[in-house]
Amino acid sequence: MNAHEIDYEIFGEEMQYVEIELDPQEAVVAEAGSFMMMDTDIKMNTIFGDGSNQDNSVLGKIFSAGKRMLTGESLFMTAFLNIGQGKKKVSFASPYPGKILAIDLSEMGGRFICQKDAFLCAAQGVSVGIEFSKKLGRGLFGGEGFIMQKLEGDGMSFIHAGGTLAKKTLGPGEVLKVDTGCIVGFTKDVDYDIEFVGGIRNTVFGGEGLFFATLRGPGTVYIQSLPFSRLAGRVLASIPRGGKDKGEGSILGTLGDIVGGDNRF
């Protein structure tokens, strides 16, 4: 498998985007909805699956696209091909505040496992498949379910992490315990499982869920400080209900808003 060799640059701090430079006839594939901007002479095509399947039959294309459905993604991806004579650029934006991580699969042993919604874009030729969990406990309680995404090939891939990104290199047998939603991805040799938090008070009042994810080395693990599910939960909890915001139910009412620095009026 030989993916297209692409050059790139990542811009921004909290709301990043990646700009990819394509030589003539080079292409990049991306999740629908991640496109930001592009030069002229770049042709955009909607394709089944990730475009890496060498089987050009209808059944082969349907199988490739069907694998993506199992990860909760769209049946289709978008390919951007440089049909011009010189170098052209196309950019893709992160979906929410966080960091874009460039993964060179040739340096990762040809495979990288990531959470279902982490993938942003990749050089054409990279396979975006599925990784089934072989452990029942991990599948039921691991936060990502039985299925994660599997990036395979020898090209560049780009994934997105929420908040601040942490990189941990684990030695043989070394274990890292992580909140299940905070995992971005890990290299192929890392063993991923779950562990019960333990203790009645921890379980009932801890507020951190019932299980940790345990990642055992050797390998490299990437952790995010702000999973999208956590961000969405905080936003949902702050939505006004019954026509009032959360502060209007206080004893001081409007006076309390003034003291608290609310300058909406």
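## Strands first

Helices and strands here are DSSP runs, numbered from the N terminus, and a strand needs at least two residues. With that in hand, Met-36 is easy to place: this residue sits in strand 4. One thing to keep in mind as you look around is that this is a predicted model.

## The overall picture

The protein has 265 residues, and 42% of them count as buried. Its secondary structure adds up to five helices and 19 strands. The accessible surface is about 14200 Å², with 56% of that belonging to carbon and sulfur atoms.

How does the chain meet itself? Take the contacts with a separation of 6 or more: residues 24 or more positions apart account for 76% of them. Ser-127 and Leu-151 give you a pair to look for, as they are 24 residues apart in sequence and 5.7 Å apart in space, C-alpha to C-alpha. Ser-127 belongs to strand 11, which covers residues 127-132. Ser-127 is buried because its relative accessibility is 11%, under the 20% cut-off.

## Inside: two nonpolar cores

Nonpolar side chains tend to be buried together in soluble globular proteins. In this model, the largest nonpolar core holds 37 residues, and Ile-20, Phe-92, Cys-121 and Ile-159 have the most contacts inside it. Strand 10 (residues 119-123) supplies the largest share of this core, five residues. Apart from this core lies another one of 13 residues, including Met-148, Ile-183, Phe-186 and Val-190.

What does Ile-20 touch, once you leave aside its neighbours within four places in sequence? Its contacts include Ile-6, Tyr-8, Val-28, Val-90, Phe-92, Cys-121 and Phe-158, and also Asp-7, Lys-88 and Lys-89.

Cys-121 has a relative accessibility of 0%, so this residue counts as buried. Cys-182 is buried too, with a relative accessible area of 8%. If you're hunting for disulfides, the structure holds zero.

## Outside: a nonpolar patch

Some nonpolar residues are found on the surface. Phe-35, Met-36, Met-37, Met-38 and Met-44 form a patch there, with about 430 Å² of accessible area together. Strand 4 (residues 35-38) gives the most to this patch, with four residues.

Is Met-36 buried, partly exposed or exposed? Met-36 is partly exposed, since its relative accessible area is 37%, and that falls between the 20% and 50% cut-offs.

## Charged pairs

Side chains of opposite charge can pair when their charged atoms come close. The count here is five salt bridges. One of them joins Lys-99 to Glu-13, with the closest N and O atoms 4.0 Å apart. Lys-99 is in strand 8 (residues 98-104) and Glu-13 is in the loop between strand 1 and strand 2, so the pair ties together parts that are 86 residues apart in sequence. Glu-13 counts as exposed, at 57% relative accessibility.

Which residues are linked in a network of salt bridges? They are Glu-21, Asp-23 and Lys-87. Lys-87 and Glu-21 have their closest N and O atoms 3.9 Å apart, and this pair links Lys-87, in the loop between strand 6 and strand 7, with Glu-21 in strand 2, 66 residues apart. For Asp-23 and Lys-87, the closest N and O atoms are 2.5 Å apart. Asp-23 lies in the loop between strand 2 and strand 3, so its pairing with Lys-87 ties together parts that are 64 residues apart in sequence. Each member of the network is partly exposed: Lys-87 has 48% relative accessibility, Asp-23 has 24% and Glu-21 has 22%.

Methods: Residues numbered from 1 in each chain as written. Predicted model: local features only at pLDDT ≥ 70, side-chain atom pairs only at ≥ 80, totals over all residues. Heavy atoms only, no water. Patch = residues over 30% accessible without salt bridge, like charges linked within 9 Å, V, L, I, M, F, W, Y side chains within 5 Å. Areas by Shrake-Rupley, 256 points an atom, 1.4 Å probe, with all protein chains shown as cover. Salt bridge = Lys/Arg side-chain N within 4 Å of Asp/Glu carboxyl O. Buried < 20%, exposed > 50% of the residue type's maximum accessible area, 1.4 Å probe, protein only. Core = buried A, V, L, I, M, F, W, Y, C linked by side-chain atoms within 4.5 Å. Contact = heavy atoms within 4.5 Å. Disulfide = S-S within 2.5 Å.
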